[in-house]
Amino acid sequence: MSGFSTEWLALREPFDHAARAGTAIDPGFLAALKRRVAPGDALTVVDLGCGTGANLREIAPRLGGRQRWRLVDNDERLLAALPQALAPWAAAQGLQVQTQPRAAVLVLQRSDGLHIEVERCQADLATGLDAVPLAGAQLVTASALLDLVSAPWLDALLLRCRDAGAAVWWPLNVDDRLVWTPGDADDALVHAHFQAHQQRDKGFGPALGGGAAMRAAAQLAGFGWKVIRAPGDWQIDGRRSAHDLAMLQAMVDGIATAATEQTPALTETIAQWQARKRAQAGHLQLRVGHAEVMGWPPERSQDGQPSAL
Ligand SMILES: C[S@@+](CC[C@H](N)C(=O)[O-])C[C@H]1O[C@@H](n2cnc3c(N)ncnc32)[C@H](O)[C@@H]1O
């Protein structure tokens, strides 16, 4: 078990979706992916820390065509819940779902040629990154994962992606921006202790937290890759809906619990902050900063040099 419940992933998914809705896929990125797929073959995507498949739901329709997804998570409950989480989305997308006799493989297809083969793999990425099969993948993606990992783990993943020649697309990494409207005199204090908690070891060594996207982008640029780093923020508005209100309350409680665990001496101050936020929730707004990183190798000319684009 990883500590991420299906309820939490379902609560956050509409905010993830809205945060990503404004980002069009860079045509150069798409071209780089398709260039590496042999004619008639499927685009192979590896999704690390897949949860119940939100990242597939977000990007598979945008990628289009034939795709083969290898969905990796260490939490067997989330992997088991994945078909159920895909079913209503597939129906809304007009996709037919079939279960293949081959263990744990699902096929989703639509008459316009969108064809997605889904294989679930249970693996502990913290101890077993070397065992995750990246060979043959054109894309390695991971949504809301990078802020949990350490710098050495991220660097090792980046080297594996470079060696495999796989492009990367890593959305929804927190970047330490948290803005409440209206604000509270103790927001900055509570945030500082919450953000220190986000840098604790989540199984991968000391976590990068809000610095993850910036480090990934810098390392990819060091490879000479084309890199895009873009914001994709959650906008939570307690005035808008019951779902927003539930998300706001989960955020207030989650931030307060983490900050208190980080600094027990502030228990009373944080509890008062939490009580004020909860009392205001119906007219409170929260922006949670996230950054996404996309990177891909440059096109090579026939002499093996990066071509001038
Ligand atoms: C914040 S959730 C994101 C889930 C999903 N990508 C999404 O966008 O909804 C982080 C995911 O990473 C997975 N995870 C955490 N530590 C892991 C590990 N050591 N090995 C494999 N997966 C892990 C969790 O189980 C969880 O599904």
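These are my notebook entries on one protein chain, a predicted model.

**Entry 1: the whole chain**

I began with the secondary structure. The protein chain has 10 helices and 10 strands. Next I checked its radius of gyration, which is 20 Å. The globule rule gives 19 Å for 309 residues, so the chain is as compact as a globular protein of that length. I then took the extent of the C-alpha trace along its principal axes and got about 65 × 45 × 35 Å.

I looked up burial next. Of the 309 residues, 47% are buried. The chain exposes about 13900 Å², and carbon and sulfur atoms supply 54% of that area. For contacts, I kept to pairs at least 6 apart in sequence; 77% of these join residues at least 24 apart. I also looked at charge. There are 29 positive and 33 negative charges, and their mean positions lie 5 Å apart.

**Entry 2: helix H6**

I picked H6, residues 151-164, for a length check. At 1.5 Å a residue, its 14 residues should span 20 Å. The end C-alpha atoms are 20 Å apart, which agrees.

Which residues of H6 are buried? I listed Ala151, Trp153, Leu154, Asp155, Leu157, Leu158 and Cys161. An aspartate, Asp155, is on that list. I then asked what covers the buried residues of H6. The cover includes three strands, E1 (43-48), E6 (139-141) and E7 (167-181). It also includes helices H5 (125-128) and H8 (212-222).

I followed the chain past the end of the helix. Gly165 comes after H6, and its phi is positive, near 70°.

**Entry 3: backbone angles**

I turned to positive phi in residues other than glycine. Ala144 has phi near 60°. Ala144 sits in the loop between E6 and H6. Is Ala144 buried or partly exposed? Its relative accessible area is 21%, and the cut-off for buried is under 20%, so Ala144 counts as partly exposed.

Leu172 also has a positive phi, near 65°. I found Leu172 in strand E7. At a relative accessible area of 5%, Leu172 is buried.

I also noted a cis peptide bond. It joins Thr181 and Pro182, with omega about 0°. Pro182 lies in the loop between E7 and H7.

**Entry 4: His191**

I moved on to helix H7, residues 187-198, which holds His191. The relative accessibility of His191 is 9%, so this histidine counts as buried. What does His191 touch, not counting residues up to four places away in sequence? I found Leu178 and Trp180. Both residue numbers fall within the range of E7, 167-181.

**Entry 5: Leu106**

My last residue was Leu106, in strand E4, residues 105-109. Leu106 is buried, with a relative accessible area of 6%. I left aside its neighbours within four places in sequence and looked up its contacts. Leu106 is in contact with Pro83 and Leu86. Its contacts also include Gln98 and Thr99. Further along the sequence, Leu106 meets Ile116, Glu117 and Val118.

I took one distance from here. Leu106 and Trp69 are 37 residues apart in sequence. In space they are 9.8 Å apart, C-alpha to C-alpha.

Technical notes: Residues numbered from 1 in each chain as written. Predicted model: local features only at pLDDT ≥ 70, side-chain atom pairs only at ≥ 80, totals over all residues. Heavy atoms only, no water. Helix = DSSP H or I, 4+ residues; strand = E, 2+ residues; numbered from the N terminus. Expected span 1.5 Å × (residues − 1). Buried < 20%, exposed > 50% of the residue type's maximum accessible area, 1.4 Å probe, protein only. Contact = heavy atoms within 4.5 Å. Rg over C-alpha atoms; globule rule 2.2 N^0.38 Å. Areas by Shrake-Rupley, 256 points an atom, 1.4 Å probe, with all protein chains shown as cover. Lys, Arg positive; Asp, Glu negative; His and termini not counted. Charge placed at Lys NZ, Arg CZ, Asp CG, Glu CD.
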